[in-house]
Number of protein chains: 2
Amino acid sequence: MKQNKIGHYPFVVEPFQEDVTGHLSTTVLGNLLLRCANLQAGSMGYGYRDMIKYDSVWVLARLQVEMDLMPTTHEPYNVHTWFYNCYRQFSERHYRLTNDQGVEIGRATTVWSLINVHTRDAIDLTNFNDGHMNTCIVDEQLTIEKPLRVRVKAPTPARSLEARFSDLDINGHVNSIRYIAHALDLFDKPFHDKHHLHRYEISFSAESFCGDRLHLYHDALDELTHHIEIRVQHNDESTEEVACRIRFVFTPR
Amino acid sequence: MKQNKIGHYPFVVEPFQEDVTGHLSTTVLGNLLLRCANLQAGSMGYGYRDMIKYDSVWVLARLQVEMDLMPTTHEPYNVHTWFYNCYRQFSERHYRLTNDQGVEIGRATTVWSLINVHTRDAIDLTNFNDGHMNTCIVDEQLTIEKPLRVRVKAPTPARSLEARFSDLDINGHVNSIRYIAHALDLFDKPFHDKHHLHRYEISFSAESFCGDRLHLYHDALDELTHHIEIRVQHNDESTEEVACRIRFVFTPR
């Protein structure tokens, strides 16, 4: 019964899905995790297509991913994911990643809110659909640290860029995973060659749109730990607001 | 017999594979076409993994893609691809894209050279492996225009950017399809909302690497036809050389 509530998705690292180090790209995996969320939620009746009938849409509030290693070209890996908890304004999803021997190679959590597409208000998940969502929960634990609070002190951006067409998702915002790509681009190739991204956390605050300026503020806590705050300056405004906050923890390769 | 030499790859447009207009993203499809090339070549003994045994690697010289329409979320589509011709220094691959009723919705061609990884010299394909590659050819015609010669006259770049980590592929170059993404980013969201990219052609000249500056020179021949030349300025040099030339033909939506 519990097994039916856990989605299992096998993948293989395909050519053109690697980064320059030859490992599955962090951003490819990030988008796959979001896709698996949708597939598994869909199997329970809560995918994007299902929610549109309720005039509502899932919004990603937080994502953390921890990978002990990243598979390389042609290596198989599996994503296992389940609803872990349901609060009034948030639902929490857990992921376990395994290799083809079933050994855990990584883990992830996502936090989502369900909003009404017209009012943009969060929907009470505990009462939604007669409380049925609670029956989808699986009490399967993960060993993963809680995300930390990220506050960046850098007074000036390390990089600024304009959000463009290729940054956008179907909703017209900058795609969640594109922020990770832009933040990883703060590090040069020699750094990536020598460091594995063991863990990242991202929490989302404001949306950004095509033409917005994105400013990346970067605090290096030490060689391996980095906090990045991406602030958005909307098209015709001079003020900036926080779009997302990111924490990277690297390990030496 | 002919059927065995044509690779058939069914896909569905997955959430997070769309662009802002809700259609399969041009860049997602571009990378899938390259992946299908590798899969089909692999089924004949000529994939990346096979060629490494000969100390050689396929290099994409040219790509053209023509899509009558782009599928939208959850829509199935099929990629059919085959070796179409083999010359001394180039092999040509054809693609037909169909919907789930088998109706042709697009077509593509790629031109590849096989180079020795040490000398970077092109390998004579007509004699390679005792001329066996010729037996893989399928004489299946496509109705697609020949690519045009692109020469860009714009004296200054419309945009310049630095090639970064997220632009790179496993070989350490800027990924072929990333040039298309950067070129599409020259057009704003309202333009993409109103125009479908009916056809693109790209030919590759020089490779670019992390830290290189990319300059996008842009000639708009008319509202729908655009030529873009991306010139690369390597890390510490003042001169520019052509990395690739692109032709876009849009149609009104």
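The following is a conversation about how chain A and chain B of a predicted model meet, and about one helix of chain B.

Biologist: What should I know about the numbering and the model?

Modeller: Residues are numbered from 1 along each chain as its sequence is written, and chains are lettered from A in the order in which they are written. The model is predicted, with local features needing pLDDT of at least 70, side-chain atom pairs counting only at pLDDT 80 or more, and totals for chains, interfaces and linings using all residues, while side-chain values use heavy atoms and leave out hydrogens and water.

Biologist: What makes the two copies related as by a two-fold rotation axis?

Modeller: Copies are superposed by least squares on the C-alpha atoms of residues with pLDDT of at least 70 in both. A turn of 180° and a shift of 0.0 Å along the axis lay chain A on chain B with an RMSD of 0.0 Å. The two copies are therefore related as by a two-fold rotation axis.

Biologist: Which residue of chain A comes closest to the rotation axis?

Modeller: Leu161(A), whose C-alpha is at 4.9 Å.

Biologist: How do you know that the copies meet through the same surface?

Modeller: Contact means heavy atoms within 4.5 Å. By that rule, 33 residues of chain A are in contact with 33 residues of chain B. Of the interface residues of chain A, 100% are also interface residues in chain B, so the copies meet through the same surface.

Biologist: How much area do chain A and chain B bury between them?

Modeller: Buried area is the accessible area (1.4 Å probe) that two parts lose on being put together, summed over both. Here it is about 3,200 Å², with 62% of it on carbon and sulfur atoms. Phe16(A), Phe165(A) and Ile170(A) supply 24% of the area that chain A buries against chain B, more than any other three residues.

Biologist: Why is the pair Glu14(B) and Arg35(A) called a salt bridge?

Modeller: The term requires a side-chain nitrogen of Lys or Arg within 4 Å of a carboxyl oxygen of Asp or Glu. The side chains of Glu14(B) and Arg35(A) meet at 3.5 Å, N to O, and the count between chain A and chain B is two salt bridges.

Biologist: Why is helix 3 of chain B described as largely enclosed?

Modeller: Helices are DSSP runs (H or I, at least four residues), numbered from the N terminus. Buried means under 20% relative accessible area (1.4 Å probe, protein chains only). Nine of the nine residues of helix 3 (residues 176–184) of chain B are buried, so this helix is largely enclosed by the rest of the structure. Among them are Arg178(B) and His182(B).

Definitions and conventions:
Buried < 20%, exposed > 50% of the residue type's maximum accessible area, 1.4 Å probe, protein only. Helix = DSSP H or I, 4+ residues; strand = E, 2+ residues; numbered from the N terminus.
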